[in-house]
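Biologist: I would like to go through this model feature by feature. Please give the general idea where there is one, and then the case at hand.

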Amino acid sequence: MSPVQLGHEQLKVYEGRSTSAAGVGKDLVNEPMIRQWCEAVGDTNPAYRGPDAIAPPTMLQAWTMGGLSGHADRSGAYDELSGLLDDAGYTSIVATDCEQEYLRPLRPGDRITFDAVIESVSERKTTKLGTGHFITTRMDIRANGEPAGTHRFRVLKYAPAVRNSGTEAGGRDLGTAGRNPEAAAGGSETAGRDPETAAGLPGRAGRNPETAKADERPSEAGERFPEADGRSQASRRAEGSGRAARARRPRPVVNRDNVGFWEGVAGHRLLIQRCTGCRTLRFPWLPGCNACGAPDWDTVEASGAGTVFSYVVMHHPPFPAFTVPESDADADAAGPHVPDTRTDDPHATAPQAVDPHASMAGPDTEAPAPRTPTGSSPYAVGLIELAEGVRIVSNVIGVPYDKVRIGMPVRLAFLRVEEEWELPVFRAAEGGEG
């Protein structure tokens, strides 16, 4: 049954309605919970121990949770909104993101109180999962009556996309994939431009409609003389359809805390945060210093040198966006390659950051056409210790996955996975194969 389209005004009446007023945390901020949290996540920061201990900021929501018995002071507004969407056919739910803002440290003995409201209900959005509405709640948290932080949580209430034998898992019509830019995108025309829709589907970000039209036109020689390039028109179309069916790589979440990192990557610079208080380097990017708690920082550009501190080899399950063509895996046995930096086909999935078998295409070199995957090849994911002392998780490329070794020297490289998006990866240094 198709979901009923609800008027946005019908949903907006819930915005600003309280879901919890004057809620009280079931426990005071306490050392045992802080210790258990730190043990669970492996955080050994000394700031969370001793007589002057504070709670890890990311525990903010933990002090408000009601446990199995829940909170008795919740209003019915959220349940009412959820029921309205259920009745309209939007019966599935998935959490998409949360955002926290910290206003003051929490210390053992603090009494936590909070208020929560439905902050926004989106218009109807179409994502890869299906069609539905994003609901954002905001919780304002206080410690001993003082503002301590804000917690925003967003979910998607949706009707699952209909899938059948004529469509692939992503809901794309395989009969049109490779010819229709909208079908190849796998979503609505807004996918990839609206940040909420982007949580479900990268969509058409970075696609050039004019390029797409040009790529849809067969070459003159291929149209008039099908054997001119050694392939029939049917074989070229079949190859294009296969490339279009490949899943797109998931997008990273870019927010105000890490946008500088991604801007650096776009300029082929790997930037490390440095606390301006104690000068400690940190990675990944965080809003404050783990060592001294100072909020101010600048950046240091990594030299690009590093070693493999640890690694895993991914065999299963295979994810379509990370699939490596077997033909590429065979070619890699002959020696290491340099990542491909070009793709002229807007419907093809560009070489992936997890692909240790990508080949080189210079700025004046015609890039080889991506090959249709016939199976999945394992790939190596490494924990790379940079020369500056911090560590980063990325892919080890340039050698077969079974030749990666702990201690192997690597060098920073940038791999273009889409027209406007690159990722930092690490290439085995010459002579570094184990």
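Modeller: Start with a loop. N144 is placed in the loop between strand 5 (130-143) and strand 6 (146-160). Keep in mind that this is a predicted model.

Biologist: What is the phi of N144?

Modeller: The general idea is that most residues other than glycine have a negative phi, and most peptide bonds are trans. N144 is not a glycine, yet its phi is positive, about 55 degrees. With a relative accessible area of 47%, N144 is partly exposed.

Biologist: Which residue in the loop between strand 7 and strand 8 should I look at next?

Modeller: R279 lies in that loop. Its phi is near 70 degrees, again a positive value in a residue other than glycine. R279 is partly exposed, with a relative accessible area of 44%. Another positive phi, of about 60 degrees, belongs to H268, just after helix 9.

Biologist: And the peptide bond from F283 to P284: cis or trans?

Modeller: That bond is cis, with omega near 5 degrees. P284 lies in the loop between strand 8 and strand 9.

Biologist: In what order do the strands of that sheet stand?

Modeller: Three strands form an open sheet in the order 8-7-9, with antiparallel pairing. Strand 8 (281-282) and strand 9 (297-301) are at the edges and have a single partner strand each, so one side of each is left without a neighbour in the sheet. Strand 7 (residues 271-275) is joined to strand 8 by two bridges, and Q273 stands opposite R282 in strand 8.

Biologist: How should I read a helix such as helix 9, and which of its residues are buried?

Modeller: An α-helix has 3.6 residues a turn, so residues three or four places apart point the same way. In helix 9 (residues 259-266), the buried residues are G260, F261, W262, G264 and V265. They pack against strand 7, strand 13 (409-418) and strand 14 (421-428).

Biologist: How many aromatic pairs does the structure hold?

Modeller: There are four aromatic pairs. A pair of aromatic rings is described by the distance of the centres and the angle of the planes. F261 and W285 make an edge-to-face pair, 6.3 Å centre to centre with 65 degrees between the planes. F261 belongs to helix 9 and W285 to the loop between strand 8 and strand 9, so the pair ties together parts that are 24 residues apart in sequence.

Biologist: With which other ring does W285 form an aromatic pair?

Modeller: W285 also pairs with W297, edge-to-face, at 5.1 Å centre to centre and 65 degrees between the planes. W297 lies in strand 9 and W285 in the loop before it, so this pair ties together parts that are twelve residues apart in sequence. W285 is buried, with a relative accessible area of 11%, whereas W297 is partly exposed, with 35%. F261, W262, F283, W285 and W297 form one aromatic cluster.

Biologist: Where does the charged end of R391 sit?

Modeller: It sits over the ring of F309, 3.5 Å from the ring centre.

Biologist: How many bridges join strand 10 to strand 11, and strand 11 to strand 12?

Modeller: Eight bridges join strand 10 (residues 305-314) to strand 11 (residues 379-386), antiparallel, and V312 has V381 as its bridge partner in strand 11. Five bridges join strand 11 to strand 12 (residues 391-397), also antiparallel; there, I384 is partnered by I392. Strand 11 and strand 12 form a hairpin with four residues between them, and G389 in the turn has a positive phi of about 105 degrees.

Definitions and conventions. Residues are numbered from 1 along each chain as its sequence is written. This is a predicted model: local features need pLDDT of at least 70, side-chain atom pairs count only at pLDDT 80 or more; totals for chains, interfaces and linings use all residues. Side-chain values use heavy atoms; hydrogens and water are left out. Two strands pair if DSSP finds at least two bridges between them. Buried means under 20% relative accessible area, exposed over 50%, partly exposed in between (1.4 Å probe, protein chains only). Contact means heavy atoms within 4.5 Å. Rings of Phe, Tyr and Trp (its six-membered ring) pair if their centres lie within 6.5 Å; planes under 30 degrees apart count as stacked, over 60 as edge-to-face and the rest as tilted. A charge sits over a ring if NZ of Lys or CZ of Arg is within 6 Å of the ring centre and within 35 degrees of the ring normal.
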